[in-house]
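Work through the exercises below with the sequence and the coordinates at hand. Each task is followed by a solution in steps.

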Amino acid sequence: MKIAPGSLPHLQHERELYRAFSDLLRPLDILKPSVFAERHRVLKEGTTFRPGLWSNDVFPYLVDVMDAVDEALRLGKKGVVLMKSGQGGGSEAIINVMCWLEVYHPGAVLYLISKDELAKEFAFERFAPAIEFCDLLKKKALQGRGNRELVHIKRFSDGKWVVQGGRSANNLQ
């Protein structure tokens, strides 16, 4: 018995389902934080002088800063310290790393900022758009009061980000 091409449409549908399912199971490419940022981080208009997809060409000196976190994790180090000036892109680089961490090394992250008043504002203006415009994070984000979301706490299916002011030791307990 000879079957004409295209006469079994259910097989085509099954192939498409199989392809979609295998795409879901395929592991993510392992990227360094700086490369991850260029592929997945979008800066919201109105929050930066250069909205759109993150480009390491704008702040080339931050590539090594971001990738230092990956190196520290691989070497078993306990942390990375960044001393920076204002308006140099450092905060955005840290957010890039936090996005990368949530995708590849999920867990709790504390972002410490100078004042309590700035914590909520920073979370609203910087963290919320970072999650909203990154599909990999958006899929994992738990949003709404039902998930105990507060302005300064962003919850994911496998971790959370907390922004806290550092002026009071009570805030850090």
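**Exercise 1. Cysteines**

Explain why Cys134 is in no bond with the closest cysteine sulfur.

Solution. The closest cysteine sulfur to that of Cys134 belongs to Cys99, and at 5.5 Å it is too far for a bond. The criterion for a disulfide is a pair of cysteine sulfur atoms within 2.5 Å. A search of the whole structure under this criterion returns 0 disulfides. Cys99 is likewise in no disulfide, the sulfur of Cys134 being its nearest at 5.5 Å.

Next, check the accessibility of both residues. The classes are buried (under 20% relative accessible area), exposed (over 50%) and partly exposed (in between), with a 1.4 Å probe and protein chains only. Cys99 has 1% relative accessibility and counts as buried. Cys134 is buried too, with a relative accessible area of 1%.

Before going on, note the basis of the numbers. The model is predicted: local features need pLDDT of at least 70, side-chain atom pairs count only at pLDDT 80 or more, and totals for chains, interfaces and linings use all residues. Residues are numbered from 1 along each chain as its sequence is written, and side-chain values use heavy atoms, with hydrogens and water left out.

**Exercise 2. Salt bridges**

Find how many salt bridges there are, and state which residues are joined into one network.

Solution. Take a salt bridge as a side-chain nitrogen of Lys or Arg within 4 Å of a carboxyl oxygen of Asp or Glu. The count by this rule is 5 salt bridges.

Start with Glu92. Its side chain meets that of Arg41 in a salt bridge, with an N to O distance of 2.5 Å. Glu92 is in helix H4 (residues 90-104), while Arg41 is in the loop between helix H2 (33-40) and strand E1 (42-43), 51 residues apart. Helices (H or I, at least four residues) and strands (E, at least two) are DSSP runs, numbered from the N terminus. Glu92 is buried at 10%, and Arg41 is buried at 5% relative accessibility.

Glu92 also forms a salt bridge with Arg126, at 3.1 Å from N to O. Since Arg126 lies in helix H5 (residues 116-132) and Glu92 in helix H4, this pair ties together parts that are 34 residues apart in sequence. Arg126 is partly exposed, with a relative accessible area of 23%.

Another salt bridge joins Lys140 and Asp158, whose closest N and O atoms are 3.0 Å apart. Lys140 is in the loop between helix H6 (135-138) and strand E4 (141-142), and Asp158 in the loop between strand E5 (153-156) and strand E6 (159-165), so parts 18 residues apart in sequence are tied together. Lys140 counts as buried at 15%, and Asp158 as partly exposed at 32%.

As for the network, salt bridges that share partners join Arg41, Glu92 and Arg126.

**Exercise 3. The sheet**

Give the strand order of the open sheet and identify the edge strands.

Solution. The open sheet has 4 strands in the order E3-E6-E5-E4, and the pairing is mixed. Two strands pair if DSSP finds at least two bridges between them. E3 and E4 are the edge strands, each pairing on one side only.

Now take the pairs. E3 and E6 run parallel and are joined by 6 bridges; Leu112 has Gln164 in E6 as its bridge partner. E4 and E5 run antiparallel, with 2 bridges, and Leu142 stands opposite Arg155 in E5.

Then inspect the side chains of E3 (residues 108-113). Val109, Tyr111 and Ile113 point to one face and are buried, whereas Ala108, Leu110 and Leu112 point to the other and are not.

**Exercise 4. The core**

Determine which element gives the most to the largest nonpolar core.

Solution. A nonpolar core is a set of buried Ala, Val, Leu, Ile, Met, Phe, Trp, Tyr and Cys residues joined through side-chain atoms within 4.5 Å. The largest one has 34 residues, and Phe36, Phe127, Leu137 and Trp161 have the most contacts inside it. H2, helix H3 (62-74), H4, E3, H5, H6 and E6 each supply at least two residues of this core. H4 gives the most, with 9 residues.

Finally, list neighbours of Phe36, with contact meaning heavy atoms within 4.5 Å. Beyond four places in sequence, its contacts include Arg41, Cys99, Trp100 and Cys134.

Methods:
Contact = heavy atoms within 4.5 Å.
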